[in-house]
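Visitor: Got a minute to walk me through this one? I'd like to hear how the pieces fit together.

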Amino acid sequence: MTVLGGYLGAGKTTLINRILARASGERIVVVVNDFGAVNIDAELIRSRDGNTLELANGCICCDLSGGMPAVMSQIAAMTPAPQQVLIEVSGVGDPGPVAAWGDHPGFRRGGVLVCADVETIQDRAHGKWVADTVMHQLHSADLLLLTKTDLVDAEQTDAVGAWLHTTVPGIPVLPLHGLDPAVLLDIAPGRPDTAAPEHHQPHPDHATALLTCADLVDREAFGARLDNLPEAVVRCKGVLRTTDSPDRRTIVHAVGRRQSWEDGGSWSSTDHASRIVLIAAPGSGEVLADVVREWAPTWSPTT
């Protein structure tokens, strides 16, 4: 059982998709926080049953929303048994404690992989809002994977690698680019106890808001709106119906000032409302509430 962690926007979803794309005939169970986080092409989905997706390449994708005990029981009852289990931890969660589930009867503990975005990891680790969360994640790793190296020059990638070697000594650091993702599932735990450091304290909750918009969204104006978000709003992700492509889903992600846009395919239902999730750092609920009020009435909060 391999555990995948890393802060919001660090590239966990991209890595999961790469692993699924390379899986052929191997029985892998991928456990994610919600299916919407994993961009699995419709033609790869053989069937959908509640909190489980069966994929045409032989993999299974389970939803973690019901909690770890329920998921572990579900996986243990599968026939034939899976060969690999990959669990994605929430971007604000600590993967260390989750790794202990690998000692559950019938399972074997694998490594803890933590994605580190070379563009933002140092700012996050030293920042006002999320430094403790990021540091707990780094200390829980058996292997640190440098992600988004294509967005910076080689000098910055090397500098981040050197900083990680100093900050969390003894934990290997590798750039994800060029690695065969399949080999990552064979990483062994680097130490018998992958729990968080002794100074670990439960991290306070991040504030979230789900907003919907029934009108067509102007892509340029929305991008400018994301650029003006307060620093405490650390993540935005969602599906938009835009003025320039109303018949196609537009997927948007924003981490800090970095935005990514991609085509999400045709709408699969008659409900074409745009939906986004805003995530704010602990202790900044009022900041997020101000953003929600500012975006009203075009964007309406939902529960």
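What follows is a short chat about the strands, helices and cores of this predicted model.

Visitor: What is the strand order in the open sheet of 6 strands?

Guide: Let's build it up from the pairings. E11 (residues 233–242) pairs antiparallel with E14 (residues 274–280) over 6 bridges, and 6 bridges also join E11 to E12 (residues 245–255), again antiparallel. E10 (residues 207–213) pairs with E14 in the antiparallel sense over 7 bridges. Put into the whole sheet, the order reads E13-E12-E11-E14-E10-E15.

Visitor: Which strands stand at the edges of that sheet?

Guide: Look for a strand with a single partner, because one side of such a strand is left without a neighbour in the sheet. Two strands fit that description: E13 (258–266) and E15 (300–302).

Visitor: And by how many degrees are neighbouring strands turned against each other on average?

Guide: This value ignores strand direction, so the antiparallel runs don't count against it. For neighbouring strands of this sheet, the average is 25°.

Visitor: Which residue stands opposite Gly-238?

Guide: Gly-238 falls in E11, which spans residues 233–242. A hairpin of 2 residues joins E11 to E12, and E12 is where the partner lies. The residue opposite Gly-238 is Val-252.

Visitor: What is the bridge partner of Val-239 in E14?

Guide: For this one, go to the pairing of E11 with E14, which is antiparallel. In E14, the partner of Val-239 is Arg-275.

Visitor: Which residue in E14 stands opposite Leu-211?

Guide: Leu-211 takes us to the pairing of E10 with E14, which has 7 bridges. Opposite Leu-211 in E14 is Ile-276.

Visitor: Which helices pack on the sheet?

Guide: One is H7 (residues 219–227), which touches E11, E12, E13 and E14, with its direction at about 140° to that of E13. Another touches E10, E11, E14 and E15, and its direction makes about 10° with that of E10; this is H8 (residues 285–295). That gives us H7 and H8.

Visitor: Why do the buried residues of H8 line one face of the helix?

Guide: The residues in question are Leu-288, Val-291, Val-292 and Trp-295. Seen down the axis of H8, they fall within an arc, so they line one face. What covers them includes E10, H7, E11, E14 and E15, while Glu-286, Arg-293 and Glu-294 are exposed on the other side. The arc that settles the matter is 100°.

Visitor: Is H5 (residues 131–139) largely enclosed or largely open?

Guide: Take the cut-off for buried, under 20% relative accessible area. By that count 7 of the 9 residues of H5 are buried, including Val-134, His-136 and Leu-138. Their cover includes E1 (2–6), H3 (95–99), E7 (112–117), H4 (121–126), E8 (143–147) and H6 (154–167). With 7 of 9 buried, H5 is therefore largely enclosed.

Visitor: Which helix gives the most to the largest nonpolar core?

Guide: That core has 44 residues, and Val-29, Val-31, Ile-75, Val-85, Leu-138, Leu-144 and Leu-164 touch the most other members. The helix giving the most, with 4 residues, is H2 (residues 68–76).

Visitor: How many residues are in the other core, the one with Leu-4 and Cys-115 among them?

Guide: This core lies apart from the largest one. Ala-10 and Leu-176 are also among its members, and its size is 22 residues.

Methods: Residues numbered from 1 in each chain as written. Predicted model: local features only at pLDDT ≥ 70, side-chain atom pairs only at ≥ 80, totals over all residues. Heavy atoms only, no water. Buried < 20%, exposed > 50% of the residue type's maximum accessible area, 1.4 Å probe, protein only. Pairing = 2+ DSSP bridges. Axes fitted to C-alpha atoms, helices over the stretch in contact; angles between N-to-C directions. Contact = heavy atoms within 4.5 Å. Arc of directions from axis to C-beta. Core = buried A, V, L, I, M, F, W, Y, C linked by side-chain atoms within 4.5 Å.
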